[in-house]
Amino acid sequence: MAINRTPVLKRCRALGLEPTVLGYDKRSKRQLIRSGRKVSDYGLQLREKQKAKFIYGVLEKPFHNYYEKAERQKGMTGANLMIMLESRLDNVIFRLGFARTRKEARQIVGHRHVLVNGKTVNIPSYQVSPGDTIQIREKSRGSVRYKEILESTGSRIVPEWLEADQGDLKGQVKALPTREEIDVPVDEMLIVELYSK
């Protein structure tokens, strides 16, 4: 399995992202200095794609597959792409506040701590549907790890399309998110332009 080992703050600085978008509290003291170079249209489009891939932790091939699926669906391709990325199981765990970062959420799913509608799911890219109940399995709930996670994510706002029960480490997908409800700083139209060349 391919893993991106680039330091997070360095990557955030290069892409012009706030680390808080990824769930990190740290801030880089360094400034990115681009010596007055003008970025081409292609450069801007590529940066938006790299941002989306980095935020959701998706590699190139799966990301392209998401784009192709989004293109086949009704509606705006860019909005469909963002909705599909947002409704990944690892992202939903992060949004519910059961993980500090999306990377940690991915690990929690991979280690078989998550039940979807009562069944263990260990695929981070699993697409959730409206009405799905997501919970941390009974065995894992009492661990110190989840107490620490809830302490640090307690103040995080759960999106409208999700319902979270922090005490029971349980959540429900009320509906799929609309593009307006996704607070990720990505201009998906530039990604569509990039892929439609």
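A charge is taken to sit over a ring if NZ of Lys or CZ of Arg is within 6 Å of the ring centre and within 35 degrees of the ring normal. With that in hand, let us look at this predicted model, beginning with its rings and moving on to its helices.

**Charges over rings, and rings with rings**

R11 fits the description: it lies over the face of F54, at 5.5 Å from the ring centre. R102 does likewise with Y56, lying over the face of that ring at 5.1 Å from its centre. As for rings that pair with one another, the count comes to two aromatic pairs. One aromatic cluster is formed by F63, Y67 and Y195, and these names will come back below.

**Three helix pairs**

Here are the helix pairs with their axis values.

| Helix pair | Axis distance | Angle |
|---|---|---|
| α6 (residues 102-110) and α8 (residues 144-153) | 14 Å | about 150 degrees |
| α2 (residues 41-56) and α9 (residues 188-195) | within 8 Å | roughly 115 degrees |
| α3 (residues 60-72) and α9 | within 12 Å | roughly 95 degrees |

Take α6 and α8 to begin with. Their axes pack at an angle of about 150 degrees. Angles over 145 degrees count as roughly antiparallel, so α6 is roughly antiparallel to α8. The crossing of α6 past α8 is left-handed. On the α6 side the contact involves E104, Q107 and I108, and these meet R145, Y146 and I149 in α8. Sorted by class, that contact holds three nonpolar, one polar and two charged residues.

Next comes α2 with α9, whose axes cross at roughly 115 degrees. That angle makes α2 roughly perpendicular to α9. Again the crossing is left-handed, with α2 passing α9. From α2 the contact draws on Y42, L44, Q45, L46, E48, K49 and A52, while α9 supplies L190, I191, E193, L194 and Y195. The residues of this contact divide into eight nonpolar, one polar and three charged.

Helix α9 also meets α3, and here the axes cross at roughly 95 degrees. This makes α3 roughly perpendicular to α9. E60, F63, H64 and Y67 in α3 face I191, V192 and Y195 in α9 across the contact. By class, the contact has five nonpolar, one polar and one charged residues.

**Where the threads meet**

Which residues form the aromatic cluster? They are F63, Y67 and Y195. F63 and Y67 belong to the α3 side of the contact with α9, and Y195 to the α9 side. Y195 also takes part in the contact of α9 with α2, as does I191.

Conventions:
Residues numbered from 1 in each chain as written. Predicted model: local features only at pLDDT ≥ 70, side-chain atom pairs only at ≥ 80, totals over all residues. Heavy atoms only, no water. Phe/Tyr/Trp six-rings, centres within 6.5 Å; stacked < 30°, edge-to-face > 60°. Axes fitted to C-alpha atoms, helices over the stretch in contact; angles between N-to-C directions. Helix = DSSP H or I, 4+ residues; strand = E, 2+ residues; numbered from the N terminus. Parallel < 35°, antiparallel > 145°, perpendicular 65-115°, else oblique. Left-handed = near helix turned anticlockwise from the far one by under 90°. Contact = heavy atoms within 4.5 Å. Nonpolar A, V, L, I, M, F, W, Y, C, P; charged D, E, K, R; others polar.
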